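Me: I've got a model open and I'd like to learn how to read it. Can you walk me through it, one feature at a time?

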Amino acid sequence: MNFGKCPHCGQVINSVRCESVTVGSFPQTQWKGVSYVCPNSTCHAVLSVQVDPIAVRADLLAAIAALKQ
């Protein structure tokens with residue numbers, strides 16, 4: 001059972017909304033990212049941001065496939 005609470009609104013968080021963002025040191029390096037957002041309809045506080053692990057995996061597999069050709 002999850003008892004984590006949003007630090008902004010104080011509601012218990014049982015799920016999060018994921019939103020696409022761009023992360024990096026602009027404009028030199030940019031990656032696809034994801035932000036984890038409070039699902040409360042009146043809050044939407046950003047709880048965390050990270051490089052999108054699914055996009056990293058896809059980019060890595062594409063680079064490996066390109067090396068094999």
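Reply: Sure. Keep in mind that this is a predicted model. Let's begin with the radius of gyration, which is taken over C-alpha atoms; the globule rule is 2.2 Å times the number of residues to the power 0.38.

Me: What radius of gyration does the protein have, and what would a compact globule of 69 residues have?

Reply: The protein comes out at 16 Å, while a compact globule of 69 residues would be near 11 Å. Along its principal axes, the C-alpha trace spans about 50 × 30 × 15 Å. As for burial, 16% of the 69 residues count as buried, with the cut-off at under 20% relative accessible area.

Me: Which pattern does the protein follow along the sequence?

Reply: Reading along, you get β-β-β-α, from 3 strands and 1 helix. The strands make an open sheet in the order E1-E2-E3, with antiparallel pairing. Strand E1 (17–25) and strand E3 (46–51) are the edges, each pairing on one side only. From one strand to the next, the twist averages 30°.

Me: How many bridges join E2 and E3?

Reply: Strand E2 (residues 29–37) pairs with E3 over 5 bridges. To find your place there, look for Val37, which stands opposite Val46 in E3.

Me: And why does the length of helix H1 agree with what it should span?

Reply: Use the rise: at 1.5 Å a residue, the 16 residues of H1 (residues 53–68) should span 22 Å, and the end C-alpha atoms are 23 Å apart, so the two agree. At the start of H1, a side-chain oxygen of Asp52 comes within 2.9 Å of the backbone nitrogen of Ile54.

Note on methods:
Residues numbered from 1 in each chain as written. Predicted model: local features only at pLDDT ≥ 70, side-chain atom pairs only at ≥ 80, totals over all residues. Heavy atoms only, no water. Pairing = 2+ DSSP bridges. Helix = DSSP H or I, 4+ residues; strand = E, 2+ residues; numbered from the N terminus. Axes fitted to C-alpha atoms, helices over the stretch in contact; angles between N-to-C directions. Expected span 1.5 Å × (residues − 1). Polar contact = N/O pair within 3.5 Å; in protein donor to acceptor, adjacent residues only side chain to side chain. Buried < 20%, exposed > 50% of the residue type's maximum accessible area, 1.4 Å probe, protein only.
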